[in-house]
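Trainee: Could you take me for a close look at a loop, please? I'd love to see how you read one spot with care and then follow the thread to other parts.

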Amino acid sequence: MKHLLDFERNQLSEFLSDSGEKSFRFSQIVKWIFADRADSFDEMLNLSKPLREKLASQYTLWTSKVVKHSKSNDGTEKLLLEWPDGGQVECVLLRDGDRRSICVSSQVGCAMGCVFCASGLDGVDRNLTSGEILEQMLRLQRLLPRDERLSHIVMMGMGEPLANLKNVLTTLEIASDEKGLGISARRITISTVGIPEAIRKLTELKSRYNLAVSLHAPNDELRTKLVPVNKKIGIDKILDAADEYFESSGRRLTFEYVLLAGINDQAEHAKQLAGRLRRRAVLLNVIPYNPVAGLPYKTPSSAATSQFRRILMDAGITIQFRQRKGDEINAACGQLRRTFAKDSAPQTVVISPSS
Ligand code: SAH
């Protein structure tokens, strides 16, 4: 069976012309998928019955199984999806005022090994296909009532998007297309551990997505402890590549900084960070650590957090403290998959029946 959402490889146009169908059938199918939110070929009523049956015999719209669907009181919903090979990924819908943002995964697992993150604890299994990344978006879209649209996408789920750049870009092109999800590039953010060659590739490609770099430390010694791949890269190279991207794309850069109690949340860290970010038009997104079962890291006290914030604000850095959303459903990446793993502690997620 071919994956209908894997447009790059599914040869749908050829299939249609080989079946003697007019080329506008392709657009009709696309409209059913994105605008009409169809869940099966049966619903595509402007296609003939024989065509619907032929499509259903060769193509599948959904390839994943919803293993778990969790909802939190603040409107956050999270899906744990399982692919036919057994690989699992998470994706999240966040509601914030008029915003309907989704956070999707790019890989099964992650190879970056950030010591505080649940996603990489077991390494990486594989890249997701562009169809699998799109499938997460469309599954989340279908959780919304008909009169609501997805407004923002963040590639901040499991995996390192720049380690699966080709498939991520294919999906985002479809997501930003008017005939696709119609979400403009300025409302799409790629979050990366910071891989300079891949950031340069984005610059070369004249990409217009927002870039968020997960910094987490103001110096290489500490960053390498928290983000082991930093050893071969170093903060300077990442900042250089990010600056070039900023110049070519005009998009404001975001740096993410997960605050870990007693580790990277001290006054000296804030001062050093301010020094590095000064003279750059950046947004610093500070994320209070979301504790992961089995890991020793803790969320900082509110005193440490405010001190950190004050030092950076006094230095003129634009800073945003990300609100924690979906805590009770383990909405931080990789957490649900772990709580669901067979040998882990009993899960505490609020569960609603999965579809
Ligand atoms: N690989 C990409 C996307 C990963 S997740 C990247 O590194 O940016 C998106 C963000 O969540 C990253 O900044 C990541 O470091 C952070 N993160 C991971 N685990 C977390 C946790 N338990 N609490 C808070 N933030 C976390």
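Mentor: Happy to! Let's begin at K206, which sits in the loop between α7 (196-204) and β11 (210-214). The names α and β stand for DSSP runs, numbered from the N terminus: helices are H or I runs of at least four residues, and strands are E runs of at least two. Before we go on, please note that this is a predicted model, where local features need pLDDT of at least 70, side-chain atom pairs count only at pLDDT 80 or more, and totals for chains, interfaces and linings use all residues. Residues are numbered from 1 along each chain as its sequence is written, and side-chain values use heavy atoms, with hydrogens and water left out.

Back to our loop. K206 is not a glycine, yet its phi is positive, at about 55 degrees. That catches the eye because most residues other than glycine have a negative phi. K206 has 60% relative accessibility, so it counts as exposed; the cut-offs are under 20% relative accessible area for buried, over 50% for exposed and in between for partly exposed, with a 1.4 Å probe and protein chains only.

R279 makes a good companion. Its place is the loop between α10 and β13 (282-288), and its phi, near 70 degrees, is positive although R279 is not glycine. With 79% relative accessibility, R279 counts as exposed. In helix α10 (residues 267-277) you will find G275, which is partly exposed because its relative accessible area is 37%. The C-alpha atoms of G275 and L312 are 9.3 Å apart, while 37 residues separate the two along the chain.

Now for a loop residue of another kind. S106 belongs to the loop between β6 (99-103) and β7 (107-109), and its relative accessible area of 2% is why S106 counts as buried. Leaving out neighbours within four places in sequence, S106 is in contact (heavy atoms within 4.5 Å) with ten residues' worth of partners that include N127, L128, M155, G159 and E160.

Two of those partners lead us to the ligand. A backbone N or O atom of G159 is 3.0 Å from a ligand nitrogen atom, and an N or O atom in the side chain of E160 is 3.0 Å from a nitrogen atom of the ligand. Pairs like these are polar contacts: N or O atoms within 3.5 Å, where within protein one must be able to donate a hydrogen and the other to accept it, and residues adjacent in sequence count only if both atoms are side-chain atoms. A backbone N or O atom of T192 lies 3.4 Å from an oxygen atom of the ligand. The protein covers 94% of the 540 Å² of accessible area that the ligand has on its own, with areas taken from the Shrake-Rupley method and a 1.4 Å probe; for residues, only the protein chains shown count as cover. The strands β10 (188-192) and β12 (253-259) each give two or more residues to the shell around the ligand.

One last stop, in strand β6, where S101 lies. S101 has a relative accessible area of 12%, so it is buried. Not counting residues up to four places away in sequence, S101 touches V92, L93, L94, S151 and H152.
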